[in-house]
Amino acid sequence: MKPVAIDVCCRKGGVTKGLQRAGFYVIGIDVEPQPGYPGDEFVQMDGLEVLRRFRDFCGVWGIDPTLVWQSWPCQFRNTATASNRARGLTDEHPDLLPLGRELSDRLGIPYVLEQPTSSVKGTIRSDLILCMDMFKGELPPPWVQKHRSFEFGHWPGPLPTQPEHPAGPVRGPSVHPFKPPAGHAGYVRGHRHNVVRRGAEAPYVAGYGKGGGKAKVWELRHAMGIDWMDDLFDLCEAIPPVFAEHIGRSFLNSLAAQGRLSGAAT
Ligand SMILES: C[S@@+](CC[C@H](N)C(=O)[O-])C[C@H]1O[C@@H](n2cnc3c(N)ncnc32)[C@H](O)[C@@H]1O
């Protein structure tokens, strides 16, 4: 029997797919219907409600989850939308993350909180930062610069390690979390910071928005290792499966090392 993970705010399943690859049976929770969701089960429900009545739901569903992953909407604290706030555009996303953390702490269940690394400082504890460059290996461009920060609660062993970030000549504000000599292999294509870049100097595509040289669907599918999503917004919102796979494997290996799981995830 596989260990069960709950993926709160699963959308079209970037995290879910990675956890499945690590060896989990994954139940996705989202307030919106998610046709095409690739997980093992899907429940349309408010994630906070699930955490509030967690033991009741687990009893009804006949499950005993080992991990709760939470990808609460990040727009509220993301610096990418700071300019909108500065222009007086209101943000309708409530701050769900602290509530999710509090409820999970009360349950005492292992959990992962995840946010874009560009989020305002203090949103979550940055126990780990992952970048797609750490995983792209021999993949030909286009690549995407995706950085995510992770906070781990009630973790059963050593925290997941940070894979090596290949050195690159182009540094910018988005690579600040990495120790030198990390940098990126080039620029992001399109119009950014009043400069238009294209061709060989811009092997990356932006993992958000439309227009101005931004990524096409096939480019993000390729760059993020996602072959089941056809919608640009879903792709922009998704966490690269390889991030969740890395963390999920580390988690399961810790359980196995403590004899709390039969067989390690290799
Ligand atoms: C950034 S997306 C998640 C991306 C996803 N984890 C992935 O890897 O593909 C955020 C999702 O949170 C969902 N959401 C927002 N508020 C929620 C809530 N209170 N309970 C459950 N899902 C919620 C949204 O419908 C959206 O699909």
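The following exercises, each with a worked solution, concern a predicted model.

**Exercise 1.** Determine whether glutamine 20 is buried or exposed.

*Solution.* Begin by locating the residue: glutamine 20 belongs to helix H1. Next, recall the cut-off, by which a residue is buried if 20 or more other C-beta atoms lie within 10 Å of its own. Glutamine 20 has 22 C-beta neighbours inside 10 Å and therefore counts as buried. Finally, consider one residue elsewhere in the chain: proline 3 is 17 residues away from glutamine 20 in sequence, and their C-alpha atoms are 9.9 Å apart.

**Exercise 2.** State how many residues of helix H1 are buried, and identify the elements against which they pack.

*Solution.* Helix H1 spans residues 14-22, and eight of its nine residues are buried. Among them are Gly14, Val15, Leu19 and Ala22. The packing partners of these buried residues comprise three strands, E1 (4-8), E2 (25-30) and E4 (67-70), together with helix H8 (241-257). Just after H1, the backbone has a further feature to record: glycine 23 adopts a positive phi of about 125 degrees.

**Exercise 3.** Describe the shell of residues around the ligand.

*Solution.* First, count the shell: the ligand is surrounded by 21 residues. The closest of these are Cys9, Arg11, Gly14, Gly47 and Ser71. Second, sort the shell by class, which gives eleven nonpolar, four polar and six charged residues. Third, consider the secondary structure: H1, E2 and helix H2 (47-52) each contribute at least two shell residues.

**Exercise 4.** Identify the strands that pair with E8, and give one bridge partner for each pairing.

*Solution.* Take strand E5 (residues 111-116) to begin with; it runs antiparallel to E8 (residues 147-153), and six bridges join the two. Within this pairing, glutamine 115 has serine 149 of E8 as its bridge partner. Turn then to strand E6 (residues 128-131), which is also antiparallel to E8 and is joined to it by four bridges. Here cysteine 131 is partnered by histidine 147 of E8.

**Exercise 5.** Which residues have the most contacts inside the largest nonpolar core?

*Solution.* The largest nonpolar core contains 54 residues, and Ala5, Leu19, Trp69, Val144 and Val205 have the most contacts inside it. Helix H8 supplies the largest share of this core, six residues. As a general background, nonpolar side chains in soluble globular proteins tend to be buried together. To examine one core member, list the contacts of valine 205, leaving out residues up to four places away in sequence: they include Pro142, Val144, Val188, Leu220 and Ala223. Charged residues also appear in the list, including Arg189, Lys214 and Glu219.

Definitions and conventions:
Residues are numbered from 1 along each chain as its sequence is written. This is a predicted model: local features need pLDDT of at least 70, side-chain atom pairs count only at pLDDT 80 or more; totals for chains, interfaces and linings use all residues. Two strands pair if DSSP finds at least two bridges between them. A residue is buried if 20 or more other C-beta atoms lie within 10 Å of its own, exposed if 12 or fewer, and partly exposed in between; C-beta atoms are placed from the backbone. Two residues are in contact if their C-beta atoms, placed from the backbone, lie within 7 Å. A residue is near a molecule or strand if its C-beta atom, placed from the backbone, lies within 6 Å of it. A nonpolar core is a set of buried Ala, Val, Leu, Ile, Met, Phe, Trp, Tyr and Cys residues joined through C-beta atoms within 7 Å.
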